[in-house]
Amino acid sequence: MTAARRLGGCAVSGSVAVLLLAAYPPNRLTAQDTSTIDRGVRIGIIYRPGVRPGLVMLPRQGAGLDSARAIIARDLDYSDRFEVITLPGGDSIRLASPGASRGQSRASSGTAARGGAQATAGALNYPLYQALGADFALDVTAAADTTVVTLHDVTAGGVRRAIRARLPAPGTSDFRQAIHRLSDQVLQAALGTPGIAATRVLFVKDGKVYQIDEDGAELKLVSASDRQAMSPAWEAGGRRFAYMEFQAGRGQLFLQEMATGKRTPVATTGTALDFTPAFSPDGQTLAFSRATEEGTDLYTINLKDNCCLRRLTVGRFSDNLSPTFSPDGQRIGFVSTRPGLPQIYVMAADGTDQQLFAPFDYGVTGSSNAPDWSPDGQSVAFHRDVAGTLQVFVLDVRTRTVRQLTSVGRNEDPTWAPDSRHLAFVSDRSGYRQLWIIDLDTGRIRPLLQQSGARLPAWSPRLSEATSSTP
Amino acid sequence: MKPVSLLLVIGLAAAVVAGACAKNPPPPTTPQPNADSAAAAERARQDSAAAAQAEAERRAREEAERVARQREADSLAALSRAGEEVRSVLATMIHFDYDKASIRPDDMATLDQKVAILQANPNLRIRISGHCDERGSDEYNLALGNRRAQAAKQYLVSHGIDASRIETQSFGEERPLVDGHDETAWSQNRRDEFEIISGGDALRRP
């Protein structure tokens, strides 16, 4: 490992920040933003190579398991919490311990059930997998109609957990989500942390709302209306989302159920230009922006009783928009143009105590927009104009310092994953605007959707079985 | 008098014919009274004179109507020419600098023309829609487009136009006028559009 230490003056905060830029294994470098950036802000990701545990997917042959294995392997890879080790060549590399060689020969000629029993018996050549750099080994087998996912702790030399699940038939709408939930259980069992495999991203393309699974599969039209839509926003439970719809030059807010597609207009909206809805964490309140002759200001409405419109800001000569609740529901981050250009502000959820949130240099720092408060409450992601294009930044809520995450192309509209370490955003780094996902811990960037014109992404919370099912 | 006497002759001839007809069995639907022929002739004469007068009046009326129609058509054409011109001045867009909502000095003359038109046509009501280019933030552009529409409205209001005659709306960057990803396209897309809501049927020149 070669590590380059640099001292960089952080112009935004005015304080000196020590940034550790460490080179990562070359095969990981391809999609990272590693170039230095103008205006005194440097990439803030601290790379920590080698700290991720290795996980080896055990090769298996068996009907119906290939897709489950492939989906789980990709989910664990996309979690960015493991070095997923793939063994080339299948059985030729499948190295069982001497004591397990009989079991393997039986399994290959015998029933699937026996194969599952062999796996759970823990008969693996643990020292060998350890030598390959694996901390965990994952075995996906089938026993009758049950899929068994066995997580081996290679270091401890035993089975950490065996998860049994009856998967829906491949091709049905819940098949992939059921496997994603298995992946998240594996992650939980291995690291004690919930995963993000069973999540989806809503976004807008050609004026319609679409959804896509976090692994880039199952692209689906969600819009139940032909009118032009913008700004989808999830409710905390993932049961429904809010969005804005253009109607004869006005903007109306709607709530739409994920399961049924049923739409309900939000009371009092639609007579002006109402936009950028955001649910409070308890789902009782919807905050939004309303543009009138006075300018744009923030309002809330009680969703439970469909009443009680409340005005939070009185801008007069400035605009206030794009609300985002803190996960405890106590504060609202938002955009205000009171300094001249739009910047990130924060206030109490009742509209009091309005103050600057993300520091900026007056006359130097460009417009800042589209804040999204992380689910762990510690960060607010937003985008900022840097030298005429947009880049994704993250504000540390506690220290009120900002760091720039991207530098290649135009990058905008970040949205947090439930794990508060991944962000989906829009980037034209490949030549056209599409959705990408960045892991803040490793700096790894992957495309989510290879289609032009996708924008305004909104990452779902973790979706339980009930909310992810579709009719 | 000559046409009248000629008609009289025709009327008498008609009376003779009528007298001759009276000898025949009367048609069942119009029973002809067995009247004195002189009285019949007198009635026919009176009827004919009235008919002639009506005909003359009708012709005169038609001629007058034709002239009126022609005059009306001529004035309508003129009005419509004026209307089109006024309409086109009214629809002239104004443009903005990047991320700005202030009226540019070169657009003030355009807005002054609109002020004059609105003053000359008191029933005219208009809608201003603000638009942005694709460079800024998608959602912020809705607020910026609103500011741009309001800026034009405030200019018109400050020059004496009643605020109730002007509606505003914003489309952000959602309705670009020109496709393209360079300053040429962007500068055209950062605009206010003006359209007539009502009172635009017979627009007068200022």
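How many residues of chain A are in contact with how many residues of chain B? In this predicted model, 24 residues of chain A are in contact with 15 residues of chain B. The elements of chain A that give two or more residues to the side touching chain B are strands E15 (273-279), E16 (285-292), E17 (295-302), E19 (320-325), E23 (368-373) and E31 (455-459). Of these, E15(A) gives the most, with 3 residues, and by class the side of chain A that touches chain B has 8 nonpolar, 11 polar and 5 charged residues.

The model as a whole scores ipTM 0.81 and pTM 0.78. For chain B the mean pLDDT is 83, with 81% of its residues reaching 70 or more, although over residues 11-23 of chain B the pLDDT is below 50, and this stretch has 14 contacts in the model beyond near neighbours in sequence.

Within chain B, helix H3 comprises the 16 residues 105-120, and because each residue should add 1.5 Å, a span of 22 Å is expected, with which the 24 Å between its end C-alpha atoms agrees. The buried residues of H3(B) include B:Asp107, B:Lys114, B:Ile117 and B:Leu118; they cover an arc of only 100° around the axis, and therefore lie on the same side of H3(B). In general, an α-helix has 3.6 residues a turn, so residues three or four places apart point the same way. The exposed residues B:Pro105 and B:Ala109, by contrast, are carried on the face of H3(B) that is turned away from its buried side.

Technical notes. Residues are numbered from 1 along each chain as its sequence is written. Chains are lettered from A and ligands numbered from 1 in the order in which they are written. This is a predicted model: local features need pLDDT of at least 70, side-chain atom pairs count only at pLDDT 80 or more; totals for chains, interfaces and linings use all residues. pLDDT is the predictor's confidence in each residue, from 0 to 100. Two residues are in contact if their C-beta atoms, placed from the backbone, lie within 7 Å. Helices (H or I, at least four residues) and strands (E, at least two) are DSSP runs, numbered from the N terminus. Ala, Val, Leu, Ile, Met, Phe, Trp, Tyr, Cys and Pro count as nonpolar, Asp, Glu, Lys and Arg as charged, and the others, Gly among them, as polar. The expected span of a helix is 1.5 Å times one less than its number of residues. A residue is buried if 20 or more other C-beta atoms lie within 10 Å of its own, exposed if 12 or fewer, and partly exposed in between; C-beta atoms are placed from the backbone. The arc is that of the directions from the helix axis to the C-beta atoms.
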